[in-house]
Amino acid sequence: MARKVPEINAGSMADISFLLLIFFLVTTTIESDKGITRRLPPIDESQEEVTTTIKERNILTVIINSSGDLLVNDEPMSIERLRETTTDFIDNGAGTGEDDCSYCRGKKDPKSSDNPQKALVSIQFDRQTKYEKYMAVQNEIMAAYNELRDRVSQGLYGEDFTQMNEDYTNSTDDKVKERLQDRIKKIRELYPLNISEAKPEEI
Amino acid sequence: MAKFSKKKSGELPAISTASLPDIVFMLLFFFMVSTTMRDSNILVEQRLPKADQVEKLENKNLVMYIYAGPPSTRYQRQFGTAGRIQLNDKFAKVSEIRPFIIQERESKNPGYRDKLVTALKIDRETNMSIVSDIKDELRKAKAYRVNYTVNVGSPLD
């Protein structure tokens, strides 16, 4: 007759696994992999002075001083109003003739931009400006563009631009990717991201 | 005569804890899977700024990381509190960024070299002078795609 093996007491199992659990809880840092993606402009290697003149009404100048205060087109402004101001500026569509913007819904103020292709947002900052303030401005300008792109995308395809962009990143299906790519490209042409950053100087 | 005698007293039966290890193991596995061990030791403060217009990084293998910020508390006695740049495991000068990018690019599969993204993990209290210097170096190294890594949230509050 086989000897009966005594049962192993599993009571301490919970303690052991709790210990491991606590170790992982403490060491885990869920890393952030989200951010604002940008393309830096290439360095102009030609020494020639480029003389493309941009009309003043097509530029929205955002100046951030060292304490994080904003000056937008020579007017002090709070960060809360920047998004709206930028949207109004890009979507103004005052141009006529070949500069006409058929999908713009702005006020057509003759003192503001002609069309989104010509509209340029220029960010200037001080060397002492905090990164946090700069990112807040970047975020608000990006939000303004995303708002307009979502709107035009809803009109054309019945889907948000930001959603399509996200789907494009997450999708593994080539067919879906191809279809989305064309749409994304089209909308990026309608509202191109024209942001320029001047070299910081003492403001 | 009562057929069923009442139980002796209202003593509660002990709750079986046999399934407790299973539950804890489940949690344990969740944390084990979701943990990403850092490959480099962070020497600078990493309180990332907040933003909500974010995009996710497409492929983690194609990301080069540049950290910047004031040195962490335990390094402050040695390195001071002024903002510093960190590449791989050590503090670096601005001029070291270009060789770093070139080296990283060399280590990747040639087909993917133009898809590389530089993730800038910069502390929110850093001065823009450092950020601007980093960006200049990246432009010189022709690494144009950048991602300013942030914590998701509204920057306005």
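This report walks through chain B and its contacts with chain A.

## Ground rules

This is a predicted model, in which local features need pLDDT of at least 70, side-chain atom pairs count only at pLDDT 80 or more, and totals for chains, interfaces and linings use all residues. Residues are numbered from 1 along each chain as its sequence is written, while chains are lettered from A and ligands numbered from 1 in the order in which they are written.

## Chain B at a glance

Chain B has four helices and eight strands, where helices (H or I, at least four residues) and strands (E, at least two) are DSSP runs numbered from the N terminus. Reading from the N terminus, the order is α-β-β-β-α-β-β-α-β-α-β-β.

So how far does the C-alpha trace of chain B span along its principal axes? It covers about 100 × 45 × 35 Å. The radius of gyration of chain B is 26 Å, against near 15 Å for a compact globule of 157 residues; that radius is taken over C-alpha atoms, and the globule rule is 2.2 Å times the number of residues to the power 0.38. Of the 157 residues, 30% count as buried, meaning that 20 or more other C-beta atoms, placed from the backbone, lie within 10 Å of the residue's own.

## Around strand S4

Strand S4 (residues 84–87) of chain B pairs on both sides. Three bridges tie S4(B) to strand S3 (residues 63–69), antiparallel, and three more link S4(B) to strand S5 (residues 90–92), again antiparallel. Pairing here takes at least two DSSP bridges between the strands. On the S3 side, B:Gly69 sits opposite B:Arg84; on the S5 side, B:Ile85 has B:Ala92 as its bridge partner.

In a regular strand the side chains alternate between the two faces of the sheet. In S4(B), B:Arg84 and B:Gln86 point one way, B:Ile85 and B:Leu87 the other, and all are buried. Two residues lie between S4(B) and S5(B) in their hairpin, where B:Asn88 takes a positive phi near 50°.

## Meeting chain A

Here 48 residues of chain B are in contact with 43 residues of chain A, contact meaning C-beta atoms, placed from the backbone, within 7 Å. Helix H1 (20–34) is among the elements giving two or more residues to this side of chain B, as are strand S6 (117–122) and helix H4 (128–140). H1(B) gives the most, with nine residues.

Strands also pair across the chains: two bridges join strand S1 (residues 34–39) of chain A to S2(B), antiparallel, with A:Lys34 opposite B:Lys56.

Terms used
Buried ≥ 20, exposed ≤ 12 C-beta atoms within 10 Å, placed from the backbone. Contact = placed C-beta atoms within 7 Å.
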